[in-house]
Amino acid sequence: SEDARDRGLAYYQSSRDSYSADRLTLVSELKHALKNDELALYLQPKMSLKTRAVVGLEALIRWPDRKRPVSADEIIALAEQTGLIKPLTRWVLEQSLAVRSRLLERGHILNVSVNISPNNLRERDFPVFVQRLMNSYHSHHGAITLEVTETSMMQDPVNSLRALRSLHATGIPLSIDDFGSGYSSLSYIKQLPASEIKIDRSLITDLASEVGDQVIVKTTIDMCHSLGYSVVAEGVETQETLELLDEMGCDMVQGYFLTPPLPVGEMTLWLDEQAQQ
Ligand code: C2E
Ligand code: CA
Ligand code: CA
Ligand code: CA
């Protein structure tokens, strides 16, 4: 059995070594992809339930043209572990503003939401970077929204709060992402200068059939409204869920029912079509 344990250990070590070799390759490939504009932004619309108009887009990172696809979650985790998240987020922000300007020229006035990592909030010059970028694109306040998750901020609540306040002072709206997915600390969230809350997909997916989820979502919407936030439901996949959310007073929806995230060219055509209806 000692033998078996040795073999087990040897197996474990070799698989771990090959895992880290793979990982090193992946990191250097990601670095290369970022430098050479091989990453892409996909866009997903956010619709107002009251007017049924598209009011914004969320930018989501993609790494196309790969034999083994790498998910956005994986890309971000890798980038966070290796320091690449700083240039990556800045690339996403710049691309988002560029796309927004091009859409504006076609008559689409839209806010673009960009996900930011807690690591970005630790970069001293992040608020200045965002401000300069906004200026260089002649963007008014409200052109972009930054999305942060509540759980990510809990790693470093004091510094995250400080950074978010200085971003807010430069006029950048903030959105609390994945709300209801972790252990929400409302007393913390209410200190944040956020204007929007996004209810996590896990509470929305089965909304039509789960009475429990309905109670939680309705209560969350009412509570968020009382605190002055507008509310977005993400992961809306059916008309039934959309109508339920409308009845509950939810402000905006996002999800596959409207469209999955699309590459910029396809999203432009999708928006053109919507505008004609
Ligand atoms: P997230 O910010 O919560 O983004 C929403 C995710 O839900 C996206 O996954 C989107 O494709 C997916 N989704 C949208 N509608 C539906 C639906 O109706 N049903 C289902 N099942 N899924 C839906 P995606 O693009 O794979 O991104 C995963 C996560 O990766 C994001 O979650 C976000 O946390 C992170 N991420 C993506 N792009 C970026 C980025 O540029 N920067 C940072 N820091 N994080 C990013
Ligand atoms: Ca998000
Ligand atoms: Ca989310
Ligand atoms: Ca998420």
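What follows walks through a predicted model, from the overall fold to the calcium sites, ligand 1 and one buried leucine.

Starting with the big picture, the chain is built from twelve helices and nine strands. Its radius of gyration is 21 Å, which agrees with the value near 19 Å that a compact globule of 277 residues would have. Along the principal axes, the C-alpha atoms fill a box of roughly 70 × 45 × 40 Å. Some 45% of the 277 residues count as buried. The chain exposes about 14500 Å², with carbon and sulfur atoms supplying 52% of that area. As for how the chain folds back on itself, take the contacts with a sequence separation of 6 or more: residues 24 or more positions apart account for 68% of them.

Next come the metals. The calcium ion written as ligand 2 is held by E58 (OE), N115 (OD1), E147 (OE) and D177 (OD), at 2.1 to 2.3 Å. Read along the chain, these donors follow the spacing E-x56-N-x31-E-x29-D. E147 sits in strand β4 (residues 144-149) and D177 in strand β5, so this pair ties together parts that are 30 residues apart in sequence. Both E147 and D177 are buried.

D177 also has a second job in the model: this residue bridges the calcium ion (ligand 2) and the calcium ion (ligand 3), which lie 4.0 Å apart. For ligand 3, the coordinating atoms come from D177 (OD), D178 (OD) and E234, with E234 (OE) listed twice, at 2.2 to 2.4 Å. The donor spacing for this calcium ion is D-D-x55-E. D178 belongs to strand β5 (residues 174-179), whereas E234 is found in the loop between β7 (230-233) and α11 (239-247), so the pair links parts that are 56 residues apart in sequence. How do D178 and E234 compare in burial, buried or partly exposed? D178 is partly exposed, because its relative accessible area of 24% falls between the 20% and 50% cut-offs. E234, at 12% relative accessibility, counts as buried, because buried means under 20%.

Ligand 1 shares some of these residues. Of the 22 residues around ligand 1, those that come nearest are R62, D177, R201, E237 and Y256. D177, then, turns up here as well as at both calcium ions. N115, a donor to the calcium ion (ligand 2), also places a side-chain N or O atom 3.1 Å from an oxygen atom of ligand 1. On the Q44 side chain, an N or O atom is 3.0 Å from a nitrogen atom of ligand 1. Y256 instead uses its backbone, with an N or O atom 2.8 Å from an oxygen atom of ligand 1. Taken alone, ligand 1 exposes 800 Å², and the protein buries 85% of that.

Finally, a look at L41, which is placed in strand β1 (residues 40-48). With a relative accessible area of 7%, L41 is buried, because the cut-off for buried is under 20%. Which residues does L41 touch, leaving aside those up to four places away in sequence? The list runs to A59, L60, W91, V92, Q95, S96, L262, P263 and V264. One of these partners, V92, is 51 residues from L41 in sequence, yet their C-alpha atoms are 7.2 Å apart in space.

Definitions and conventions: Residues numbered from 1 in each chain as written. Chains lettered and ligands numbered in written order. Predicted model: local features only at pLDDT ≥ 70, side-chain atom pairs only at ≥ 80, totals over all residues. Heavy atoms only, no water. Helix = DSSP H or I, 4+ residues; strand = E, 2+ residues; numbered from the N terminus. Buried < 20%, exposed > 50% of the residue type's maximum accessible area, 1.4 Å probe, protein only. Contact = heavy atoms within 4.5 Å. Donors = N, O, S within 2.8 Å, 3.2 Å for Na, K, Ca; no water. Near = heavy atom within 4 Å. Polar contact = N/O pair within 3.5 Å; in protein donor to acceptor, adjacent residues only side chain to side chain. Areas by Shrake-Rupley, 256 points an atom, 1.4 Å probe, with all protein chains shown as cover. Rg over C-alpha atoms; globule rule 2.2 N^0.38 Å.
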